Amino acid sequence: MTSWRSLLAVAILASCTCKTGQTQAVGTPQLWYYHHSYLTSASAVTSSKAIIDQAAAAGYTGLVLWDSSIDFLQNSSWNSSYMTTVIQYAQSKGLAVMPQVAPYGNSYDMLIENPNWAEGEQVVGTQFQVDPTGKTLQVVNSFPGLVNGGFESGQTGWFGYGDAGVGIDHNYFQSGSASALIANAPANARLSQTFAVQPWRQYHMRMFYQTQSFQGYSQVLVYADNSAAYLRVNQSLTLAPTQAWTQWDYTFNSGPHTTMTILMGVWGGSKGDLWFDSISLQETGLVYVLRGTSTPPSTPLTVYNPNNPTQVYQENIDFGAISDPQLSGPTPYFQDNWHQPMTVPVPSGSSLQPGQIVAMNWYAIQPIYGAAGASLTDPGAAQWRTQNAAAVGTVFPNAAGYFFGYDEMRNMNSTASAKAMNMTPAQLLDWHFNQTYAIFRGLKPQAPIYVWGDMFDPNMNAVNNYYLVEGDLTGSWTGLPADVILMNWNLPALNTSAAWFAGKNPQQPVAHQQVIAGYYDSGNGATSATTELAQVSGIPGVLGLMYTTWYDDYSQLGAFASAARAGWSTYSASLPSTSPTVTGFNVLFGSESYNVIGSTRTRLPWEITGIRATFSEPIASGNVNSLTGIAATGFSGLGTSTLTWTINPIALGSFTAALAGSGTNALADVNGHGLGGAGFSQALKVLWGDANDDGVVNSQDAVLVNLATHDPYSILADMNGDGIVNASDVLIVRSRIGTSQQ
């Protein structure tokens, strides 16, 4: 798992002249920077212009615009003139501009329009009781309580690790007569307790902490089944060196588990004193409850008789309307980890009686680090995506590309609409990504598409049990279109990750182009760029580097760019200098194929439906128009060493099929090395049914094919390409008797 703030920045790198089929020149790097703004005023425009001037002077080729305004462009009342001014100003300075779109993972701006589009987990069977007056439903707490939450019983329940520096203090306490104290810990100093829970229930943890001259790192973890792989809470504590007793709250879903463990304290040692006290846990309900409006709802809510689940009670009749005030009022949303849930009213005339127990199934989002992810299957969110894309196309008519914000998606495959897809998280992510890909391809077919690499990298987040994702993200990389450029920010394991996306691992053979997104507020731009280039030495397909800042630190723009340019020649020299060559050129017919290179045939006896070319190395750039001489209707295989063009069936014809070696449609490898010159060409003649290659279909061909039905398989007699020579092939020849070609 990767951390949120330490590495996350939304940045992208694109060529200012990049089109499908064009590649980055090996001799010069692309240099982009991540431009953070909120363009809603003249002063914001002025600030952006100053950064643009700085980047242009440093020699950057373009900027990626990370701006919340992009997510509001579809609103008719939104003033986009400030953004247009900045776009035009950047372009006047020679910088290309690319918008960040599709904000999945951290979807706050999208969810401002409707927070109920968030991806929420199910909560099953929470019990509520009608209060004695018959007017409200009150949640029933099924949890008996933690052991020794106030530490009045000494070290009972919490001190199983036996870490040095952890003890009991009777001088300072938030309540009762004792607290836990971590004092000058030489290493990890932890408190821990394991307890039983009900699966798929919502729990509220509360504690208090106090510090005195404290220095160190402290966090709270809650994981399931005695395995940190099932992490439900991972929250660092923001501690001042000295502060009075401070309340801390967190809400979490138990998921499918029945055993949970709290692990809290100090990691890596500390100085000074840190106290914990009054640690409590109880079952709760309706915190961040989601109420989708689609039909059927993505997040349905059902109240029923727990002893007879078919007896369902009706909202606004048996109980009042349910919502979360935090999600129905003004923004901001998802900023706290706990708030008091609403009191559910029981209206007059309800069939519910005082003291009666009901059960409720519902869905809730669990924000992580103050962020929530949008649902991949909610119809409202899908409509927002389409409308926003159209607005982006209008405001960014000359976009250098589109960067998709699929990044650190910690909630996925949980809602009822997601479950109805019957997909793994990896399949669901690929399905959604390709929908978004198609939408933006429709806006500008030649514009490159970029995405952060983390959700498609097994060295990062494409793994099982990633935060609250329900299921396995392993294999998500298989659904990426080959022409998608990966923004690689896995700086701790950059060499391994870059090799992965370059197709060097058999599990991921597609050679994607990629950009190294570096700096990340490291404080030294030159060192960052130099180190990152050294890490990708010998790995093909790196287009350039991207200055990425999360904290709007542009002080190192110049140093980063200078070091990137200085080190680029060394990187380029580390790459293979050979150009790809054509090793096979097959015609396709039925389910079969035939390599015409080295063939002695003059005429091909099949109805041709496609061309498949194989190369000495993966081809990273090309398109449907890279094949000429035949009108191609489809194209696939980019990023691999095998490319396929589909064509309208040809039963009779003479033509020269050619592969582009230069120009806009040139085929080239990830380093920009093309086939060169005139490329590759192959003369072809097709005469369907001409088994003996004499230029005419006659009874001799029929006899040859008929005899072949009794012999070992002969591809030259398989007229329909089904892998079998039988009567069907004989009939094809007979139907074409009299056809000729000289």
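**Strand β21, the nonpolar cores and helix α5**

Colleague: Which residue of β21 stands opposite Gly518?

Modeller: This is a predicted model, in which strand β20 (residues 514-519) pairs with β21 in the parallel sense over six bridges. Within β21, the residue opposite Gly518 is Tyr547.

Colleague: What is the handedness of the β-α-β crossover from β20 to β21?

Modeller: The parallel pairing of β20 and β21 extends over six bridges. Between these strands the chain passes through helix α9 (residues 525-535), and the crossover is right-handed.

Colleague: Which residue stands opposite Tyr547 where strand β1 pairs with β21?

Modeller: Strand β1 (residues 30-37) also runs parallel to β21, with four bridges between them. The residue that stands opposite Tyr547 here is Tyr33.

Colleague: How many residues of strand β21 are buried?

Modeller: Strand β21 covers residues 542-548 and is paired with β1 and with β20. The strand is largely enclosed by the rest of the structure, because the buried residues number seven of the seven.

Colleague: Which helix gives the largest share of the largest nonpolar core?

Modeller: The largest nonpolar core has 99 residues, and Tyr33, Tyr60, Phe396 and Phe404 touch the most other members. Its largest share, seven residues, comes from residues 557-573, helix α10.

Colleague: How many residues has the other core, with Leu146 and Val266 among them?

Modeller: This core lies apart from the largest one and includes Leu146, Ala178, Val197 and Val266. Its number of residues is 36.

Colleague: How far apart are the end C-alpha atoms of helix α5 (residues 379-395)?

Modeller: Helix α5 has 17 residues, so at 1.5 Å a residue it should span 24 Å. The distance in the model agrees with this expectation, at 25 Å.

Colleague: Which residue's backbone nitrogen does a side-chain oxygen of Asp378 reach at the start of α5?

Modeller: The buried residues of α5 include Gly380, Trp384 and Arg385, and the elements that cover its buried residues include α2 (81-92) and α7 (425-443). At the start of this helix, the Asp378 oxygen comes to within 2.8 Å of the backbone nitrogen of Gly380.

Colleague: What is the relative accessible area of Gly157?

Modeller: Gly157 is placed in the loop between β5 (136-139) and β6 (166-169). Beyond residues up to four places away in sequence, Gly157 touches Val147, Ser192 and Gln193. Partly exposed means between 20% and 50%, and Gly157 is in this class with a relative accessible area of 35%.

Notes:
Residues numbered from 1 in each chain as written. Predicted model: local features only at pLDDT ≥ 70, side-chain atom pairs only at ≥ 80, totals over all residues. Heavy atoms only, no water. Buried < 20%, exposed > 50% of the residue type's maximum accessible area, 1.4 Å probe, protein only. Helix = DSSP H or I, 4+ residues; strand = E, 2+ residues; numbered from the N terminus. Pairing = 2+ DSSP bridges. Right-handed = clockwise from strand over helix to strand, strands pointing away. Core = buried A, V, L, I, M, F, W, Y, C linked by side-chain atoms within 4.5 Å. Expected span 1.5 Å × (residues − 1). Contact = heavy atoms within 4.5 Å. Polar contact = N/O pair within 3.5 Å; in protein donor to acceptor, adjacent residues only side chain to side chain.
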